[in-house]
Amino acid sequence: MVELLPSILSADFARLADEVAAAERGGGTAIHVDIMDGHFVPNITIGPPVVKSLRKVTKLPLDCHLMIENADEFIPAFADAGANWVSVHYEACRHLHRSLELIAHHGMQPGVVINPATRVNLLVDILPMVHHVLIMSVNPGFGGQSFIPFALDKIRHLAELRREMGLAFRIEVDGGVAHDTVAQVVKAGADLLVAGNAVFGGGQPEQDARALLKAARDAAGE
Ligand code: DX5
Ligand code: ZN
């Protein structure tokens, strides 16, 4: 089943509870939260206090995408704040296996993220440990960027590996997922669709989330 994960990066932060509620009414089934440190990526966003506030206004899983260095130092704080899914970047973790174990040890679902320039094959050994793999289809740091087409090959490759290895991790895609790209993304094999600008950018998140999810499900034949 294809799911939509609205990314609050493009929401109005002064009205976050309303924005999240609207995206949820539109069919969002987890909330994607982009955590940036100004070091791993050239932007700064939010941290555990905002996750803690979000936890009070929604029952949906909070999918925290950590674009930070030294993730291990912050994993306990995200667990305390109420994060459910936590993904760390392959490129930012010196000891990826340890970071994934730490996330699971804190009762959260571990995920791994790869940038557009990072190959899917590098993940083979840790795939049995993850709940989701996040394929970046833009270079992380900002919302509203254009989808990088070769991400589709990576999604296909990952779906093939999942089949060959008999695993059940979810395949998540983040960056430039919108009306013009969503069908291809779904057909390539993605099942968790992150969308920021396409949901919040037009000022009507409920309607825009609903329309995007419908397009995704139509493409998936669901
Ligand atoms: C980018 C973030 C994304 C971002 C996607 O670094 O990881 O989650 O919100 O935004 P759109 O959907 O606008 O490309
Ligand atoms: Zn993200």
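## Where the ligand sits

Which pocket is the space taken by ligand 1? In this predicted model, ligand 1 takes up the space of the largest pocket. Three strands each give two or more residues to the shell around the ligand: E2 (31-36), E3 (62-67) and E8 (192-195). The largest share comes from E2, with 3 residues.

In total, 20 residues surround ligand 1. The closest are Ser7, Asp34, Gly141, Gly144 and Asp174. By class, the shell holds 8 nonpolar, 10 polar and 2 charged residues.

## Polar contacts to the ligand

Several residues place polar atoms by the oxygen atoms of ligand 1. Start with aspartate 174. An N or O atom in its side chain is 2.7 Å from an oxygen atom of the ligand. Histidine 32 also uses its side chain: a polar atom there lies 3.3 Å from a ligand oxygen. With asparagine 197, the backbone takes part instead. One of its backbone N or O atoms lies 2.9 Å from an oxygen atom of ligand 1.

How much of ligand 1 does the protein bury? Taken alone, the ligand exposes 380 Å². The protein buries 99% of that area.

## The largest pocket

The largest pocket has a volume of about 330 Å³. Its lining counts 29 residues. Closest to the pocket centre are Gly143, Gly144, Gln145, Gly175 and Gly176. Gly144 is also among the residues closest to ligand 1.

Which elements each supply at least two residues of this lining? They are E2, E3, E8 and helix H7 (197-200). The lining divides into 13 nonpolar, 13 polar and 3 charged residues.

## The second largest pocket

The second largest pocket has a volume of about 230 Å³. Two helices, H3 (71-81) and H4 (96-105), give two or more residues each to its lining. Helix H3 gives the most, with 3 residues.

Which residues line this second pocket? One stretch of the lining is Glu69, Asn70, Ala71, Asp72 and Glu73. Ala92, Cys93, Arg94, His95, Arg98 and Ser99 are also part of the lining. By class, there are 3 nonpolar, 3 polar and 5 charged residues.

## A loop residue with a positive phi

Asparagine 70 deserves a separate look. This residue is part of the lining of the second largest pocket. Where does asparagine 70 lie in the chain? The answer is the loop between E3 and H3. Strand E3 gives residues to the shell around ligand 1, while helix H3 gives residues to the second pocket.

The backbone of asparagine 70 has a positive phi of about 55°, although the residue is not a glycine. Most residues other than glycine have a negative phi.

Key:
Residues numbered from 1 in each chain as written. Chains lettered and ligands numbered in written order. Predicted model: local features only at pLDDT ≥ 70, side-chain atom pairs only at ≥ 80, totals over all residues. Heavy atoms only, no water. Near = heavy atom within 4 Å. Polar contact = N/O pair within 3.5 Å; in protein donor to acceptor, adjacent residues only side chain to side chain. Areas by Shrake-Rupley, 256 points an atom, 1.4 Å probe, with all protein chains shown as cover. 1 Å grid on protein atoms, 1.4 Å probe; cavity = no way out; pocket = protein on both sides within 12 Å on 5 of 7 lines; lining within 4 Å. Sits in = over half its atoms within 2 Å of the grid points. Helix = DSSP H or I, 4+ residues; strand = E, 2+ residues; numbered from the N terminus. Nonpolar A, V, L, I, M, F, W, Y, C, P; charged D, E, K, R; others polar. Points joined across faces, edges and corners; volume = space filled by probe spheres on them.
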